[in-house]
Amino acid sequence: MNDNNERRVVSVIVVNEASVLSRITDLFSGRGYNITSLTVAPIPDSKYSRLTIVTSGSVRVIEQITKQLHKLIPVLRVYEHADLVEKEMALVKFPITENISDISAICDAYNGKIVNVGNEVVITMVADEPKRVDHYLEAIKKYNPKEIVRSGAVALER
Amino acid sequence: MQMSGAQMVIEALIAEGVERVFGYPGGAIMNVYDEIYKQDNFQHILTRHEQAAVHAAEGYAKASGKVGVSMITSGPGFTNAVTGLADAYMDSVPLVVISGQVPMSLIGTDAFQEIDAVGISRSCTKHNYLVTDAKDLPRILKEAFYIARTGRPGPVHVDIPKDVTAQIAEFDYNVALHLETYKPHVNGNPRQIKKAMEAIAHAKRPLFYLGGGVINANAAYEVRDLVHATGIPAVETFMARGTLSYDDELLIGMLGMHGSYAANMAMSETDLVIALGARFDDRVTGKLSEFAKNAAIIHVDIDPASISKLVNANYPIVGDVKNVVTEMLKLVTIVESSRYEPWRETIENFEELHPLTFHEDTENIKPQWVVKRVGELLGDDANISTDVGQHQMWAAQFYPFTRPRQFISSGGLGTMGFGFPAAMGVKAAVPQKTSINFTGDGSILMNCQELMTAVEKNLPVINIILNNNFLGMVRQWQTLFYDKRHSETDLSVQPDFVMLAEAFGGIGYRVSTKEEFDAALKDAVERNIVAFIDVKVERFENVMPMVPSGGSLFNMMLLEKKESK
């Protein structure tokens, strides 16, 4: 059995109802599981929402996470992804005084662009695999980013 | 039909066939209590503490197999009940607990007696609801009962704001439930069952490991058939006591921290564990890496999350134990019972080497003697509840259980104060049997106010206090593992239990000889009113054998051999 703490992405389809998100997060905190990121939004034209949870743990822990999630009454389905397309978005705010063309070129490389230019700041958006978003954020460090926000990952099985 | 939310609660309870409700009124639940006053379809039993109301509902549910119902008010009423919810959650007891809540308009304002009840109960219930509109009440109550009793049973909490109980809406309880997201898996996979039976047929030293799920699933008699048809020895967990009769030749006994030598050795030596409705609790397994080390595991459980949670299962079977065992019985002809004869002999040798016993004493009453004596005098005629501690283990070890649902105790949560109210619930469910609660001088004080309920509602529970003037189990650990530093466990300063019982209108006995005990028990059974029998027992008796916490099952501390006097 593999006891390494592996990063895993789990998607959960839940009924849209009061306190369903707390049920999920309480389960993670109560049983000592990790949440690296969590995104949630309603599924269009349905009474369900989809959560994407990035977590980590041994094979046994991941198996328990999926089983325990399944046990929650409002949970319809749990996907523990193996082969998936995974994307995350990041917004970054730079001072207008930085080299905008450099920043724009880097954004291009990471599937992004400048989305807003104000009097004092520019805002960029990139959407890519979480690992590549890490790289992007590393690359733009020298342009003095003022604020960074990441969305958390979303994923779909291939 | 149009009616108020409060009336809907009553109608739903009637539709569910509820006969007893254990509860305690208060501000936020008053509308419902007003409707209780107007009806005579079910009996309301007023406990004297909300915790006791839930434990009594648990005792009722465990003894009857029905869903237990408890009703409480908001705020402190609810928080008092939380221990009961947690207890029921750990032991998979089907309950519906209905609490009042402050009116919707006041929720979130820190109103009088307001607490986020569903926020608190979320982690100790199978499911919970905050009802925000009376039109949802029929569906929610129906779902609550359904969820409580199906799948792996458990407590469901329904929190109803006061204005919702006053609101008028349409009541129709005949609506079909469609819970798309809740579909318990009750039938085991036939291919897996066949593979499991083949593994049994090929094993040399198989062992049944029976858990509380067998009793919850009402599968004890099917399991008895399977055990006898295969000739395979069985061990029971604490929660499974009574699955096999105490005198069954194939029952080795209870395993675990205070299990018998033979049961723990059998588990250590087996080559195939057949786990039925058991969850490999730490009090059962001891050190996990050494548990049934050389065995393959068949694990039958209704809860997929219990399978391979702690011990990897080679033959996982998700399903209701009763259904699965019934299917297994159909394939039982492939199993040749004589094959296990050498294994049964090995186990007999274990039993002879270190039988489960204790050292009798001619002067002092040994606590184990009391348990055995009650077994001799009442046996099958009694239902046995316990509190938590040494007395609980002695009851589990030495009472001659003959049937499922005879033993009612708090296993998973280990709740002191459980026994007395639970025994009242047991008595309410099974009035023809004597309801005994084995308790300690520590535990009994954590719900002794229930004397009043027992007197008022004529629930003649006989509480047998194995009184050693200690918080005995903690004292035992201090003696063994804390170099005899008995920190805060000396309970020498204690009430007069006889006067305490009598103050409430019950009856009390003080017992210091075996003759006095026999007389007291006989009298209590005859007089049929709630009783405390305060038995002075040997102070420093330890529960043995013992697997120290985290130790391996085969490394037990055993009863010291004693030279005969």
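This text walks through a predicted model of two chains, from confidence to domains, contacts and unusual backbone geometry.

Start with chain A and its confidence. The mean pLDDT of chain A is 94. In chain A, 98% of residues reach 70 or more. Helix α2 of chain A, residues 59-71, has the lowest confidence in the chain, with a mean of 94. Strand β7 of chain A, residues 121-128, has the highest, at 97.

Next, the division of chain A. The assignment splits chain A into domain 1, residues 6-82, and domain 2, residues 85-157. Their C-alpha centres are 28 Å apart. The two domains touch: nine residues of domain 1 of chain A and seven residues of domain 2 of chain A take part in the contact. Look at the domain 1 side. Three strands of chain A each give at least two residues to this side: β1 (6-15), β2 (37-42) and β3 (48-57). The largest share comes from β2(A), with three residues. By class, the side of domain 1 of chain A that touches domain 2 of chain A has four nonpolar and five polar residues. No charged residue belongs to this side.

Now turn to chain B. Its domain assignment gives three parts: domain 1 (2-170), domain 2 (190-353) and domain 3 (367-536). Take domains 1 and 3 of chain B. The distance between their C-alpha centres is 29 Å. Here the contact involves 25 residues of domain 1 of chain B and 26 residues of domain 3 of chain B. On the domain 1 side, two strands and two helices of chain B give two or more residues each: β2 (20-23), β3 (43-46), α3 (50-64) and α4 (76-90). Helix α3(B) supplies the largest share, 11 residues. This side of domain 1 of chain B divides into 10 nonpolar, nine polar and six charged residues.

The chains also meet each other. In this contact, 13 residues of chain B touch 17 residues of chain A. The chain B side holds six nonpolar, four polar and three charged residues.

Finally, the backbone. Most residues other than glycine have a negative phi, and most peptide bonds are trans. Three places in this model depart from that pattern, one in chain A and two in chain B.

In chain A, look at A:Ser19. Its phi is near 65 degrees, a positive value in a residue that is not glycine. A:Ser19 sits in the loop between β1 and α1 (20-30) of chain A. Is A:Ser19 buried or exposed? A:Ser19 is partly exposed, because 16 other C-beta atoms lie within 10 Å, whereas a buried residue would have 20 or more.

In chain B, B:Gln113 also has a positive phi, of about 55 degrees, and is not a glycine. The loop between β5 (95-101) and α5 (117-121) of chain B holds B:Gln113. B:Gln113 has 16 other C-beta atoms within 10 Å, so B:Gln113 counts as partly exposed.

The remaining case is a peptide bond. The bond from B:Met544 to B:Pro545 is cis, with omega near -5 degrees. B:Pro545 lies in the segment that follows strand β20 (531-536) of chain B.

Key: Residues numbered from 1 in each chain as written. Chains lettered and ligands numbered in written order. Predicted model: local features only at pLDDT ≥ 70, side-chain atom pairs only at ≥ 80, totals over all residues. Nonpolar A, V, L, I, M, F, W, Y, C, P; charged D, E, K, R; others polar. Domains from an automatic or database assignment. Helix = DSSP H or I, 4+ residues; strand = E, 2+ residues; numbered from the N terminus. pLDDT = per-residue confidence, 0-100. Buried ≥ 20, exposed ≤ 12 C-beta atoms within 10 Å, placed from the backbone.
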